[in-house]
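Let's go through this one in questions and answers. Have a look at the model first.

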Amino acid sequence: GESDGSSFPNGGLRVTHEAAAFTTWDRSSPPMVVDKVLRIPCCFITHLGKSIDDKTPLLRSSDAVHREGLRLLKAMKLATDAKALYSYLG
C-alpha cells in the first residue's frame with residue numbers, strides 16, 4: 001500500500017489502485033500558451049467517476065441542460081428537429 005494523505009497524521013494506508021484518478025482534456029475550453037508553456041484545460045475524476053475538480057460538475061450540468069432542454073422542446077412540439085441547444089451563463 002501507500003500512505004493516504006487524507007488520513008494524516010494517522011498515517012493510514014490504502015492499496016495503490018484506490019489512489020487512481022483520471023485526467024481528460026476539457027474540450028469546451030481552448031488550450032493556451034502562457035510564458036512559452038502549453039496549458040491544456042483538464043478535468044479530473046476518480047476511478048469511480050467522482051469529480052475532484054471544480055469544472056466537472058459544471059460540464060455535467062451543462063450536458064444535463066442540453067439533454068433535458070432538447071427533450072422539453074420535443075415534448076412541447078417546438079423545434080422537434082433540433083440537434084443542439086446552447087445555454088449561456090450570466
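A salt bridge here is a side-chain nitrogen of Lys or Arg within 4 Å of a carboxyl oxygen of Asp or Glu. This is a predicted model, with residues numbered from 1 along each chain as its sequence is written, and local features need pLDDT of at least 70 while totals for chains, interfaces and linings use all residues. Side-chain atom pairs count only at pLDDT 80 or more, and side-chain values use heavy atoms, leaving out hydrogens and water.

Q: Which pattern does the protein follow, read along the sequence?
A: Helices (H or I, at least four residues) and strands (E, at least two) are DSSP runs, numbered from the N terminus. The protein has one helix and six strands. Put in sequence order, they read β-β-β-β-β-β-α.

Q: How much of the protein, out of 90 residues, counts as buried?
A: Buried means under 20% relative accessible area, exposed means over 50%, and partly exposed is in between (1.4 Å probe, protein chains only). Across the 90 residues of the protein, the buried share is 14%.

Q: What share of the accessible surface of the protein belongs to carbon and sulfur atoms?
A: Accessible areas come from the Shrake-Rupley method with a 1.4 Å probe, and for residues only the protein chains shown count as cover. The protein's accessible surface totals about 7,500 Å², and the carbon and sulfur part of that is 60%.

Q: How far apart are the end C-alpha atoms of helix 1?
A: Take the expected span as 1.5 Å times one less than the number of residues. Helix 1 has 21 residues (55-75), so it should span 30 Å. The model agrees, with the end C-alpha atoms separated by 30 Å.

Q: Which residues of helix 1 are buried?
A: They cover an arc of only 165 degrees around the axis, so they sit on the same side of helix 1; the arc is that of the directions from the helix axis to the C-beta atoms. On the other side, Arg71 and Ala75 are exposed. The buried ones are Thr56, Gly69 and Leu70.

Q: Which strand is included in what covers the buried residues of helix 1?
A: Contact, as used here, means heavy atoms within 4.5 Å. The cover over the buried residues of helix 1 includes residues 42-46, that is, strand 6.

Q: Which residue forms a salt bridge with Asp26?
A: In this pair the closest N and O atoms are 2.7 Å apart. The link joins distant parts of the chain, 29 residues apart: Asp26 sits in the loop between strand 3 (21-25) and strand 4, while its partner is in helix 1. Asp26 is buried because its relative accessible area is 3%, whereas the partner, at 28%, is partly exposed. That partner is Lys55.

Q: Which residues do salt bridges that share partners join into one network?
A: Glu68 pairs with Arg71 (2.6 Å, N to O), and because these two are three residues apart in helix 1, about one helical turn separates them. Arg67 also forms a salt bridge with Glu68, with the closest N and O atoms 3.3 Å apart. Arg71 is exposed at 57%, while Glu68 is partly exposed at 35%. The network is made of Arg67, Glu68 and Arg71.

Q: Which residues make the nonpolar surface patch of about 410 Å²?
A: Patches take residues with over 30% relative accessible area and no salt bridge, joining like charges within 9 Å and nonpolar side chains (Val, Leu, Ile, Met, Phe, Trp, Tyr) within 5 Å. One member, Val33, lies in strand 4 (residues 32-34) and counts as exposed because its relative accessibility is 62%. The full set is Trp25, Val33, Leu38 and Ile40.

Q: What separates the C-alpha atoms of Pro41 and Pro31?
A: Pro41 lies in the loop between strand 5 (37-39) and strand 6, and it is buried, with a relative accessible area of 16%. Its contacts beyond four places in sequence include Trp25, Asp26 and Pro31. Although Pro41 and Pro31 are ten residues apart along the chain, their C-alpha atoms are separated by 6.2 Å.

Q: How far apart in space are Phe22 and Leu48, C-alpha to C-alpha?
A: Phe22 lies in strand 3 and is partly exposed, at 46%. Leaving out residues up to four places away in sequence, Phe22 touches Cys43, Phe44, Ile45, Thr46 and His47. Phe22 and Leu48 are 26 residues apart in sequence, and their C-alpha distance is 9.8 Å.
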